[in-house]
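Here's a quick tour for someone meeting this structure for the first time. Have a look at the model, then read on.

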Amino acid sequence: MTAPARTKTSVPPQSSGSPTIWIDGEWCERGSATVSVYDHGFLYGDGVFEGIRVYGGRIFRLEEHLDRLYDSAKAVWLNIPMDKEELAGVTREAVSRSGIAEAYIRHIVTRGVGDLGLDPRKCPKPSVIIIVDTIKLWPEQMYETGLNVITAGTPIPQRESLSPRVKSLNYLAHILAKVEGINAGADEVLMLDSAGSVAEGSGQNVFVVKKGRIRTPPAHAGILKGVTRDAVIELAADAGYPVEQTILNRYDLYTADEAFFTGTASEIVGIRQLDGRVIGTGKPGPVTRDLRSRFHALVRS
Ligand code: PXG
């Protein structure tokens with residue numbers, strides 16, 4: 001690798017900004033950032049990840065995201081070979097080096113390089129990767145109109161198999177659901193659990209609003225406990241909306257006044273239609289818009 005070894009000095013932001021990647025202590029550029037084909041993250045999806053937003057050069061809820069990363073790792077017997085403070089420091093340096101003020105950070109921790117068998121004991125050291133780049137899921141205009149969503153036939157994986165609280169490198173069920181949506185010409189998908197209750201989007205949590213009350217599935221419903229979800233629950237409570245975490249069925253979405261998704265990449269985005277049923281007035285409603293503006297204020301505060 002030709003990139004210089006990691007240094008402690010922080011680099012002033014460049015005006016334009018460019019993707020910045022850190023792999024196990026080495027700073028790399030996009031073209032030179034490579035991992036081994038023997039890495040079990042690549043061979044088996046054996047690893048965990050995080051996705052975090054940067055607004056105006058400031059990292060949104062870094063501590064919460066790193067807590068979730070370390071919890072995900074612990075749940076799958078993965079020892080991240082650096083402590084949280086050190087990882088937070090390198091993350092800040094990566095953002096600063098990138099010079100990207102409106103960035104997206106991806107942390108990836110893999111089991112590391114092993115042999116062609118599953119046995120993780122063959123992988124002496126987990127790999128830690130940080131990518132700082134940008135992300136945009138939908139054009140701005142979709143946030144005005146709301147999303148056309150369909151229910152995917154692919155359910156979320158059984159929580160008894162791998163806890164959905166673990167943000168693992170195995171996203172195939174969510175990708176299959178996403179492809180169903182793409183094939184049907186929809187903007188996004190709603191995923192159910194295997195009993196038919198509402199779970200989440202392909203990379204979002206879901207909320208409904210009915211008569212001023214906000215409801216979202218509880219973490220134990222088999223969803224990823226989103227950092228954006230938690231921020232929105234706090235914002236909604238501060239704004240005086242009653243918030244309830246409860247099991248939802250598709251009927252609750254069809255008959256809602258408003259429904260919206262939350263996620264790091266998606267932020268807060270209204271759902272205008274689900275499975276051909278128009279939700280509320282068919283565009284993002286007043287509570288969704290209010291929470292969106294409160295969220296924008298929060299991330300810039
Ligand atoms: N559920 C799932 C399954 C997710 O993957 C969320 C909910 C929302 O969580 P946060 O903490 O972000 O509020 C996620 C987050 C993408 C993308 O490209 C989405 C996520 C991760 C990486 C990329 O849409 N998911």
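## Two domains

Domain bounds here come from an automatic or database domain assignment. That assignment gives the chain domain 1 (20-133) and domain 2 (140-300). Their C-alpha centres sit 26 Å apart. Across the join, 27 residues of domain 1 are in contact with 21 residues of domain 2, where contact means heavy atoms within 4.5 Å.

Some ground rules: this is a predicted model, so local features need pLDDT of at least 70 and side-chain atom pairs count only at pLDDT 80 or more, while totals for chains, interfaces and linings use all residues. Residues are numbered from 1 along each chain as its sequence is written, and side-chain values use heavy atoms, with hydrogens and water left out.

## The cores

A nonpolar core is a set of buried Ala, Val, Leu, Ile, Met, Phe, Trp, Tyr and Cys residues joined through side-chain atoms within 4.5 Å. Buried means under 20% relative accessible area, exposed is over 50%, and partly exposed is in between (1.4 Å probe, protein chains only). The largest core has 27 residues, and Val 48, Leu 69, Ile 80, Met 82, Leu 87 and Ile 130 have the most contacts inside it. Strands S3 (47-55), S5 (103-110) and S6 (127-133) each supply at least two of its residues, as do helices H2 (62-75) and H3 (84-98). Those element names are DSSP runs numbered from the N terminus: helices are H or I with at least four residues, strands E with at least two.

Leaving out residues up to four places away in sequence, Ile 130 touches a group including Trp 22, Leu 87, Val 90 and Ile 105. There's also a second, separate core of 20 residues, with Met 142, Leu 147, Ile 271 and Ile 279 among them.

## Pocket and cavities

On a 1 Å grid over the protein atoms alone, a cavity is a set of points where a 1.4 Å probe fits but cannot get out; a pocket is an open set with protein on both sides within 12 Å along at least five of seven lines, and lining residues have an atom within 4 Å of a point. Grid points are joined across faces, edges and corners, and a volume is the space filled by probe spheres set on the points. The largest pocket holds about 870 Å³ of space. Of its 42 lining residues, Phe 49, Lys 167, Tyr 171, Ser 202 and Gly 203 lie nearest its centre. Helix H5 (172-183) gives the largest share of that lining, 5 residues. Both domains chip in at least three residues each.

The model also has 2 cavities of 30 Å³ or more. The largest, about 50 Å³, is lined by residues including Arg 53, His 65, Thr 228 and Phe 295. Again, domain 1 and domain 2 each provide at least three lining residues. The second largest is about 40 Å³.

## A few residues to find

His 40 is in helix H1 (residues 40-44) and counts as buried because its relative accessibility is 0%. Its C-alpha is 7.8 Å from that of Cys 123, although the two are 83 residues apart in sequence.

Most residues other than glycine have a negative phi. Asp 24, though, has a positive phi of about 45°; this residue is in the loop between strand S1 (20-23) and strand S2 (26-28). Asp 275 also has a positive phi, near 50°, and is found in the loop between strand S14 (267-274) and strand S15 (277-278).
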